[in-house]
Amino acid sequence: MRHVLDLPEISSRNYRATAGDFLDPYEQQLVASWTPHFPEVELSFEPAGNWERKIPVYKPFDTEDSFLSAFYLEGGPFDHRQILGSLLGMGIERDKIGDIAATDDGAYVFVKKEIANFIAVNFRKVGATPIRLKEIPALSVPEIEEDWNEAAAVVSSMRLDAVVRAVTHKPRDEVKGLVAKGLVKVNFKRAEKTHDMIVPGDMISVRGFGRIKIFEPLYRTKKDKVRFQYGTLNSR
(Lines give C-alpha, C1' and ligand atoms only; values in the text may rest on other atoms or scores of the structure.)
Protein backbone atom coordinates (compact mmCIF):
# COMPACT_ATOMS: atom_id res chain seq x y z
CA MET A 1 0.00 0.00 0.00
CA ARG A 2 2.97 2.33 0.61
CA HIS A 3 4.02 1.66 -2.97
CA VAL A 4 0.54 2.60 -4.21
CA LEU A 5 0.71 5.89 -2.32
CA ASP A 6 3.84 6.83 -4.30
CA LEU A 7 2.20 6.25 -7.68
CA PRO A 8 0.09 9.44 -8.02
CA GLU A 9 3.08 11.59 -7.08
CA ILE A 10 5.26 9.81 -9.67
CA SER A 11 2.52 10.17 -12.28
CA SER A 12 2.15 13.89 -11.61
CA ARG A 13 5.88 14.61 -11.45
CA ASN A 14 6.80 12.66 -14.58
CA TYR A 15 3.56 13.36 -16.44
CA ARG A 16 2.93 9.73 -17.30
CA ALA A 17 0.53 6.99 -16.31
CA THR A 18 1.48 4.68 -13.45
CA ALA A 19 -0.15 1.54 -12.10
CA GLY A 20 0.04 -0.65 -9.03
CA ASP A 21 -0.48 -4.36 -8.54
CA PHE A 22 -3.81 -6.14 -8.13
CA LEU A 23 -5.86 -5.12 -5.08
CA ASP A 24 -8.89 -6.71 -3.47
CA PRO A 25 -12.09 -4.62 -3.06
CA TYR A 26 -11.21 -3.49 0.48
CA GLU A 27 -7.77 -2.28 -0.65
CA GLN A 28 -9.39 -0.53 -3.62
CA GLN A 29 -11.62 1.38 -1.20
CA LEU A 30 -8.58 2.52 0.78
CA VAL A 31 -6.79 3.68 -2.35
CA ALA A 32 -9.86 5.54 -3.60
CA SER A 33 -10.15 7.35 -0.25
CA TRP A 34 -6.65 8.81 -0.75
CA THR A 35 -7.27 10.05 -4.30
CA PRO A 36 -8.64 13.52 -3.37
CA HIS A 37 -5.16 14.40 -2.09
CA PHE A 38 -3.89 14.19 -5.70
CA PRO A 39 -6.31 16.28 -7.81
CA GLU A 40 -3.84 16.60 -10.69
CA VAL A 41 -4.18 12.91 -11.61
CA GLU A 42 -7.18 10.70 -12.31
CA LEU A 43 -7.61 7.30 -10.67
CA SER A 44 -9.25 4.34 -12.38
CA PHE A 45 -9.28 0.64 -11.67
CA GLU A 46 -8.66 -2.02 -14.33
CA PRO A 47 -10.13 -4.23 -15.62
CA ALA A 48 -13.41 -2.38 -15.97
CA GLY A 49 -16.57 -4.25 -15.07
CA ASN A 50 -17.71 -6.53 -12.30
CA TRP A 51 -14.32 -8.02 -11.51
CA GLU A 52 -12.98 -8.45 -8.00
CA ARG A 53 -9.22 -7.93 -8.19
CA LYS A 54 -8.17 -4.75 -10.01
CA ILE A 55 -5.09 -2.60 -10.45
CA PRO A 56 -5.10 1.13 -9.61
CA VAL A 57 -4.09 3.30 -12.56
CA TYR A 58 -3.16 6.98 -12.20
CA LYS A 59 -3.21 9.17 -15.29
CA PRO A 60 -2.37 12.89 -15.57
CA PHE A 61 -4.09 13.00 -18.98
CA ASP A 62 -6.22 10.78 -21.21
CA THR A 63 -4.19 7.92 -22.60
CA GLU A 64 -4.81 4.46 -24.01
CA ASP A 65 -1.91 2.94 -22.06
CA SER A 66 -2.83 -0.43 -20.59
CA PHE A 67 -1.07 -2.29 -17.81
CA LEU A 68 -3.09 -5.48 -18.15
CA SER A 69 -2.84 -8.67 -20.16
CA ALA A 70 -5.20 -11.61 -20.29
CA PHE A 71 -4.86 -15.23 -21.32
CA TYR A 72 -7.30 -17.95 -22.29
CA LEU A 73 -6.39 -21.46 -21.18
CA GLU A 74 -7.77 -24.36 -23.22
CA GLY A 75 -7.66 -27.93 -21.99
CA GLY A 76 -9.88 -27.91 -18.89
CA PRO A 77 -12.03 -28.07 -17.02
CA PHE A 78 -9.92 -26.51 -14.27
CA ASP A 79 -10.83 -24.87 -11.02
CA HIS A 80 -9.54 -21.59 -9.61
CA ARG A 81 -7.21 -23.21 -7.07
CA GLN A 82 -5.53 -25.46 -9.63
CA ILE A 83 -4.71 -22.56 -11.93
CA LEU A 84 -3.59 -20.22 -9.16
CA GLY A 85 -1.45 -22.94 -7.60
CA SER A 86 0.28 -23.62 -10.91
CA LEU A 87 1.02 -19.92 -11.46
CA LEU A 88 2.35 -19.42 -7.95
CA GLY A 89 4.43 -22.56 -8.39
CA MET A 90 6.23 -20.79 -11.23
CA GLY A 91 7.43 -18.17 -8.74
CA ILE A 92 4.91 -15.50 -9.73
CA GLU A 93 3.76 -13.22 -6.90
CA ARG A 94 0.06 -13.31 -6.04
CA ASP A 95 -0.41 -9.58 -6.54
CA LYS A 96 0.64 -9.88 -10.19
CA ILE A 97 -2.38 -12.13 -10.88
CA GLY A 98 -5.95 -10.88 -11.16
CA ASP A 99 -9.24 -12.72 -11.39
CA ILE A 100 -9.36 -16.27 -12.71
CA ALA A 101 -12.65 -17.12 -14.43
CA ALA A 102 -13.11 -20.83 -15.13
CA THR A 103 -15.41 -22.22 -17.82
CA ASP A 104 -16.44 -25.75 -18.77
CA ASP A 105 -13.55 -26.15 -21.19
CA GLY A 106 -10.93 -23.65 -20.04
CA ALA A 107 -10.35 -20.46 -18.10
CA TYR A 108 -9.53 -16.76 -18.41
CA VAL A 109 -6.74 -15.17 -16.36
CA PHE A 110 -5.84 -11.51 -15.87
CA VAL A 111 -2.17 -10.68 -15.19
CA LYS A 112 0.05 -7.61 -15.07
CA LYS A 113 1.44 -6.90 -18.53
CA GLU A 114 4.99 -6.95 -17.13
CA ILE A 115 4.82 -10.72 -16.64
CA ALA A 116 2.83 -11.60 -19.80
CA ASN A 117 5.87 -12.69 -21.81
CA PHE A 118 7.10 -14.90 -18.98
CA ILE A 119 3.73 -16.61 -18.77
CA ALA A 120 3.44 -16.99 -22.55
CA VAL A 121 6.78 -18.80 -22.67
CA ASN A 122 6.64 -20.88 -19.50
CA PHE A 123 3.02 -21.64 -18.60
CA ARG A 124 2.35 -25.01 -20.21
CA LYS A 125 0.55 -27.13 -17.58
CA VAL A 126 -2.04 -26.84 -14.86
CA GLY A 127 -0.92 -29.51 -12.45
CA ALA A 128 -0.06 -32.41 -14.73
CA THR A 129 -2.55 -31.41 -17.44
CA PRO A 130 -1.13 -29.78 -20.59
CA ILE A 131 -2.83 -26.55 -21.70
CA ARG A 132 -3.04 -24.43 -24.83
CA LEU A 133 -2.43 -20.81 -23.98
CA LYS A 134 -3.61 -17.80 -25.97
CA GLU A 135 -3.03 -14.15 -25.09
CA ILE A 136 -6.14 -12.05 -25.69
CA PRO A 137 -7.17 -8.40 -25.16
CA ALA A 138 -8.20 -7.79 -21.56
CA LEU A 139 -11.39 -6.09 -22.74
CA SER A 140 -12.51 -9.26 -24.53
CA VAL A 141 -12.71 -11.39 -21.38
CA PRO A 142 -16.39 -12.19 -20.72
CA GLU A 143 -17.78 -11.69 -17.24
CA ILE A 144 -18.73 -15.07 -15.79
CA GLU A 145 -21.36 -15.28 -13.08
CA GLU A 146 -20.22 -16.75 -9.76
CA ASP A 147 -21.65 -20.13 -8.85
CA TRP A 148 -22.90 -20.29 -5.24
CA ASN A 149 -24.09 -23.49 -3.57
CA GLU A 150 -26.99 -22.35 -1.39
CA ALA A 151 -27.92 -23.74 2.00
CA ALA A 152 -29.34 -22.64 5.38
CA ALA A 153 -28.21 -22.82 9.02
CA VAL A 154 -29.52 -21.88 12.46
CA VAL A 155 -27.48 -19.97 15.06
CA SER A 156 -28.15 -18.38 18.42
CA SER A 157 -26.88 -15.05 17.06
CA MET A 158 -25.17 -13.71 13.94
CA ARG A 159 -21.78 -13.45 15.65
CA LEU A 160 -18.88 -14.17 13.33
CA ASP A 161 -17.74 -17.23 15.23
CA ALA A 162 -21.25 -18.69 15.38
CA VAL A 163 -21.82 -18.23 11.65
CA VAL A 164 -18.44 -19.74 10.70
CA ARG A 165 -18.99 -22.72 13.01
CA ALA A 166 -22.48 -23.35 11.60
CA VAL A 167 -21.26 -23.34 7.99
CA THR A 168 -17.86 -25.04 8.31
CA HIS A 169 -18.74 -27.38 11.21
CA LYS A 170 -15.41 -26.53 12.79
CA PRO A 171 -15.15 -26.60 16.62
CA ARG A 172 -15.27 -23.35 18.59
CA ASP A 173 -11.58 -23.36 19.52
CA GLU A 174 -10.48 -23.90 15.93
CA VAL A 175 -12.61 -21.01 14.69
CA LYS A 176 -11.25 -18.79 17.46
CA GLY A 177 -7.71 -19.74 16.44
CA LEU A 178 -8.35 -18.98 12.76
CA VAL A 179 -9.58 -15.50 13.64
CA ALA A 180 -6.62 -14.89 15.97
CA LYS A 181 -4.19 -15.87 13.20
CA GLY A 182 -5.81 -13.51 10.70
CA LEU A 183 -7.13 -16.35 8.55
CA VAL A 184 -10.72 -15.11 8.51
CA LYS A 185 -11.81 -12.03 6.56
CA VAL A 186 -15.13 -10.23 6.36
CA ASN A 187 -15.67 -8.27 3.15
CA PHE A 188 -11.96 -8.74 2.38
CA LYS A 189 -10.89 -7.11 5.64
CA ARG A 190 -9.13 -9.17 8.29
CA ALA A 191 -11.55 -10.03 11.09
CA GLU A 192 -10.33 -8.81 14.48
CA LYS A 193 -12.98 -10.14 16.88
CA THR A 194 -14.98 -13.34 17.01
CA HIS A 195 -18.01 -11.47 18.31
CA ASP A 196 -18.30 -9.10 15.34
CA MET A 197 -21.86 -9.19 14.00
CA ILE A 198 -22.56 -10.48 10.48
CA VAL A 199 -25.36 -9.04 8.34
CA PRO A 200 -26.95 -10.01 5.00
CA GLY A 201 -24.65 -9.11 2.11
CA ASP A 202 -21.47 -9.84 4.05
CA MET A 203 -18.92 -12.20 2.55
CA ILE A 204 -16.69 -14.23 4.84
CA SER A 205 -13.54 -15.97 3.67
CA VAL A 206 -11.99 -18.73 5.78
CA ARG A 207 -8.51 -19.95 4.88
CA GLY A 208 -8.66 -23.61 3.90
CA PHE A 209 -12.45 -23.59 3.51
CA GLY A 210 -13.39 -20.88 1.03
CA ARG A 211 -15.98 -18.15 0.86
CA ILE A 212 -19.35 -17.79 2.55
CA LYS A 213 -21.90 -15.23 1.37
CA ILE A 214 -24.83 -14.29 3.60
CA PHE A 215 -28.11 -13.81 1.76
CA GLU A 216 -31.25 -11.91 2.73
CA PRO A 217 -33.46 -12.16 4.69
CA LEU A 218 -32.80 -13.48 8.20
CA TYR A 219 -35.56 -15.41 9.99
CA ARG A 220 -36.28 -15.63 13.72
CA THR A 221 -37.36 -19.11 14.84
CA LYS A 222 -39.91 -19.95 17.56
CA LYS A 223 -37.00 -20.70 19.90
CA ASP A 224 -35.61 -17.20 19.27
CA LYS A 225 -32.71 -18.38 17.13
CA VAL A 226 -31.70 -16.99 13.77
CA ARG A 227 -32.09 -18.95 10.56
CA PHE A 228 -30.01 -17.58 7.69
CA GLN A 229 -29.46 -18.45 4.05
CA TYR A 230 -25.91 -18.59 2.77
CA GLY A 231 -23.88 -19.68 -0.20
CA THR A 232 -20.49 -21.31 -0.50
CA LEU A 233 -18.57 -20.45 -3.63
CA ASN A 234 -18.06 -23.19 -6.17
CA SER A 235 -14.34 -22.97 -6.95
CA ARG A 236 -14.78 -23.79 -10.65
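A cavity here is a set of points, on a 1 Å grid over the protein atoms alone, where a 1.4 Å probe fits but cannot get out, and a lining residue has an atom within 4 Å of a point. This is a predicted model, so local features need pLDDT of at least 70 and side-chain atom pairs count only at pLDDT 80 or more, while totals for chains, interfaces and linings use all residues. Residues are numbered from 1 along each chain as its sequence is written, and side-chain values use heavy atoms, leaving out hydrogens and water.

**View 1. The largest cavity and its lining.** Phe71, Leu73, Leu87, Val109, Val111, Ile119, Phe123 and Leu133 line this cavity. It holds about 30 Å³ (the space filled by probe spheres set on the points, with grid points joined across faces, edges and corners). The lining splits into 8 nonpolar, no polar and no charged residues (nonpolar: Ala, Val, Leu, Ile, Met, Phe, Trp, Tyr, Cys and Pro; charged: Asp, Glu, Lys and Arg; polar: the others, Gly among them). Strands E4 (68-74) and E6 (106-112) each chip in at least two of the lining residues (strands are DSSP runs of E, at least two residues; helices are runs of H or I, at least four; both numbered from the N terminus).

**View 2. The largest pocket.** A pocket is an open set of points with protein on both sides within 12 Å along at least five of seven lines. This one has a volume of about 1500 Å³. Of its 42 lining residues, Glu52, His80, Arg94, Arg211 and Leu233 sit closest to the centre. The lining mixes 16 nonpolar, 12 polar and 14 charged residues. Among the elements that each supply at least two of them are helix H3 (80-89) and strand E14 (210-220).

**View 3. The second largest pocket.** Here the volume is about 240 Å³. The lining includes Phe45, Lys59, Asp65 and Leu139, and by class it has 6 nonpolar, 2 polar and 4 charged residues.

**View 4. A three-stranded sheet with helix H2.** The 3 strands make an open antiparallel sheet in the order E1-E3-E2 (strands pair if DSSP finds at least two bridges between them). E2 is joined to E3 (residues 55-59) by 5 bridges, and Leu43 stands opposite Tyr58 in E3. H2 packs on this sheet, touching E2 and E3 (contact: heavy atoms within 4.5 Å).

**View 5. Glutamine 28 in H2.** Gln28 is buried, with a relative accessible area of 12% (buried: under 20%, 1.4 Å probe, protein chains only). Leaving aside residues up to four places away in sequence, Gln28 touches Leu23, Phe45, Glu52, Arg53 and Lys54.

Key
Buried means under 20% relative accessible area, exposed over 50%, partly exposed in between (1.4 Å probe, protein chains only). Axes are lines fitted to C-alpha atoms, for helices over the stretch in contact, and angles run from 0 to 180 degrees between N-to-C directions.
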